[in-house]
Protein chains: 2
Amino acid sequence: MSSQPTLDVVGIGNAIVDVIAKTDEAFLKTHGLAKAAMTLIDAERAESLYGVMGAGIEASGGSAANSMAGLASLGGRAGFIGKVRDDQLGGIFAHDIRATGVAFQTSAATSGLPTARCLIFVTDDAQRTMQTFLGASTDLGPSDVDEAMIASAAVTYLEGYLWDKPQAKEAFLRAAAAAHKAGRKVSLTLSDAFCVDRHRADFKRLVKDHVDILFANEAEILSLYETSNFDEAVARVRADCDVAALTRSEKGAVIVAADKTHTVAAEPIAKLVDTTGAGDLYAAGFLYGYTRGLPLPVAGRIGAIAAAEIIGHYGARPEVKLADLVTAKLGAAV
Amino acid sequence: MSSQPTLDVVGIGNAIVDVIAKTDEAFLKTHGLAKAAMTLIDAERAESLYGVMGAGIEASGGSAANSMAGLASLGGRAGFIGKVRDDQLGGIFAHDIRATGVAFQTSAATSGLPTARCLIFVTDDAQRTMQTFLGASTDLGPSDVDEAMIASAAVTYLEGYLWDKPQAKEAFLRAAAAAHKAGRKVSLTLSDAFCVDRHRADFKRLVKDHVDILFANEAEILSLYETSNFDEAVARVRADCDVAALTRSEKGAVIVAADKTHTVAAEPIAKLVDTTGAGDLYAAGFLYGYTRGLPLPVAGRIGAIAAAEIIGHYGARPEVKLADLVTAKLGAAV
């Protein structure tokens with residue numbers, strides 16, 4: 001039997017600094033950018049695209065990293081494993097995640113590609129179009145997987161984006177094995193419908209054989225099971241995982257667990273500015289509730305509150321202490 | 001007689017990337033930070049202070065650089081002279097100012113200190129406390145002063161902060177001389193009350209002998225003339241400069257010119273978030289109007305509109321196209 005976890009969740013993912021600028025639909029068309037998706041780009045393309053991008057702001061990002069920052073902001077105990085280079089952007093990433101209260105000890109690469117950056121183009125409809133240069137994140141490998149940290153966490157949370165690089169894939173599998181060996185749970189976010197498309201067969205096997213708690217939005221789960229019928233996807237995922245939290249933007253989320261299905265409404269928002277990080281923060285809130293043993297609909301509600309905060313401003317890290325926000329909405333009991 | 005200017009304003013100042021984080025009053029006290037002021041810090045202090053700073057966002061800054069970005073956003077023709085290092089933050093600064101439409105050709109330093117950064121601590125009252133590591137900005141010297149660019153601009157705009165370093169001081173004087181030799185105007189912002197305190201004698205001489213258009217807030221102009229009487233400061237500055245725009249936060253601004261004094265109300269704001277850049281954007285708006293030959297109270301109104309936009313969000317560069325904002329408020333005639 002495993003000892004009490006000292007961390008709630010350890011996240012593993014790409015360590016990225018976001019470069020965020022507003023743009024218009026015409027720009028996306030002119031430069032052939034797949035709207036609302038995440039596209040991988042190389043160094044050369046990153047440079048040429050940055051050259052035509054408008055003035056921006058920089059903020060630490062990365063899907064699982066955003067989730068861990070959110071979890072810490074909620075008052076949870078979080079760790080993160082991901083790779084930066086020892087450059088200025090890497091320093092910013094490491095500072096921000098630690099300043100949020102997340103344990104982060106992965107060594108920075110001292111040679112090779114620079115720290116990853118994601119060029120995020122936000123259109124007037126608040127949709128984000130992401131063009132990611134993975135840079136040093138590509139160097140994340142199995143030797144970076146801190147098995148002691150993983151064994152100490154109730155849940156190990158993995159981003160599907162890791163599957164885009166062979167070394168990170170190995171790290172992913174090693175982390176999942178270490179978590180289960182320690183009697184912990186493994187959680188995965190499918191990340192992006194195009195990412196599911198690239199790796200469908202692998203993801204189906206992963207979800208069935210390794211994943212206890214799955215996060216996906218509607219497009220991703222439909223893509224995974226190659227169906228256009230949401231109810232069918234729900235039935236399929238029910239057979240594959242202990243818990244699945246399926247987010248449907250303003251329609252709220254459907255939480256699937258054993259023979260129960262819970263529908264949780266989206267949180268009302270004052271102003272929709274930038275949807276970057278909505279899924280990441282939903283996962284943060286859900287896992288905060290889950291690791292505290294709260295009823296799943298309450299965990300879902302916390303996810304919805306965290307997601308609503310993040311889409312009200314630019315950037316995918318909370319601007320307020322989420323713990324205060326949740327206490328204000330749900331009371332001090334949570 | 002000089003030819004028609006091809007630029008409205010060329011700004012000369014420190015080329016800085018801002019690192020912005022929310023904080024509380026207790027933090028300022030604990031770390032001995034002078035609230036609402038700009039304090040120069042060395043590399044070691046910058047590192048230790050960043051170590052205890054909360055998670056932040058990065059955005060291009062620098063006082064005169066913010067003004068030029070604002071001028072370009074208004075539809076004006078702007079240039080900027082300032083020094084970055086050839087590092088990641090320098091790349092961000094150069095990208096952002098060019099992406100805004102400002103001509104920027106100063107060569108980046110290839111050795112020496114890294115690009116300047118300003119740690120900005122924003123308290124709940126929206127006041128900003130700035131701790132600046134000047135880094136590569138210190139290398140700005142007379143040889144960086146592009147006299148052809150200065151001769152091509154109707155106004156050369158200088159930030160008082162330049163006076164903190166000997167080389168930049170020389171650059172300042174060379175630029176002012178070049179502007180006047182070309183029959184152009186010289187404008188100065190006093191930047192910060194502590195900065196005025198450090199350099200009062202020099203600033204008094206500068207204002208009297210070299211400056212045509214002066215920008216100052218109330219604290220700065222009172223400090224310059226060592227008086228607590230605003231009316232006395234108005235009388236003194238009237239004798240020293242052609243035009244002085246004296247900003248008084250929510251009390252609006254007083255524009256002093258020859259025998260006229262105009263009072264322009266502050267622009268109403270929906271939400272006060274972060275006052276960083278308020279003075280910089282006021283100067284941008286005022287100079288936009290001035291260089292178009294608009295009546296001074298209209299120039300002041302444009303300054304107030306630009307300042308109101310910047311204090312409604314984090315960061316000192318406009319989030320919207322200011323030209324559209326001004327057209328919406330004042331009509332297409334401007």
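Is B:Asp242 buried, partly exposed or exposed, and at what relative accessibility? Keep that residue in mind while the view is set up, since the tour returns to it below.

This is a predicted model, in which local features need pLDDT of at least 70 and side-chain atom pairs count only at pLDDT 80 or more, while totals for chains, interfaces and linings use all residues. Residues are numbered from 1 along each chain as its sequence is written, chains are lettered from A and ligands numbered from 1 in the order in which they are written, and side-chain values use heavy atoms, with hydrogens and water left out.

**Both chains**

Begin by colouring the two chains separately. A turn of 180 degrees, with a shift of 0.0 Å along the axis, lays chain B on chain A with an RMSD of 0.0 Å (a least-squares superposition on the C-alpha atoms of residues with pLDDT of at least 70 in both copies). That is the relation of a two-fold axis. To find the axis from chain B, select B:Glu58, whose C-alpha is the nearest to it in that chain, at 2.4 Å.

**The interface**

Next, select the residues in contact between the chains (heavy atoms within 4.5 Å): chain B gives 23 residues and chain A gives 23 residues. Of the interface residues of chain B, 100% are also interface residues in chain A, so the copies meet through the same surface. The buried area (the accessible area, with a 1.4 Å probe, that two parts lose on being put together, summed over both) is about 1,800 Å² between chain B and chain A, and carbon and sulfur atoms give 52% of it. B:Glu58, B:Gln88 and B:His95 together supply 34% of the area that chain B buries against chain A, more than any other three residues.

No salt bridges (a side-chain nitrogen of Lys or Arg within 4 Å of a carboxyl oxygen of Asp or Glu) are counted between chain B and chain A. On the side of chain B that touches chain A, strand 4 (57-60) and helix 4 (88-99) each supply at least two residues, the helices and strands being DSSP runs (H or I, at least four residues; E, at least two) numbered from the N terminus. Helix 4 of chain B gives the largest share of that side, seven residues.

**Salt bridges within chain B**

Over all chains the structure holds 39 salt bridges. Return now to B:Asp242 and show B:Lys185 with it: the two form a salt bridge whose closest N and O atoms are 3.5 Å apart. B:Asp242 sits in the loop between helix 10 (230-240) and strand 12 (243-247), and B:Lys185 in strand 10 (residues 185-189), so that the pair links distant parts of chain B, 57 residues apart. As for the opening question, B:Asp242 counts as partly exposed at 41% relative accessibility (buried is under 20%, exposed over 50%, partly exposed in between, with a 1.4 Å probe and protein chains only); B:Lys185, at 30%, is partly exposed.

Move to B:Glu226 and B:Arg200, whose side chains meet in a salt bridge at 3.8 Å, N to O. B:Glu226 lies in the loop between helix 9 (218-224) and helix 10, and B:Arg200 in helix 8 (residues 200-209), so the pair ties together parts of chain B that are 26 residues apart in sequence. B:Glu226 is exposed at 56%, whereas B:Arg200 is buried at 18%.

**Chain A**

Finally, select A:Asp197, A:Arg200, A:Lys204 and A:Glu226, which are linked in a network of salt bridges.
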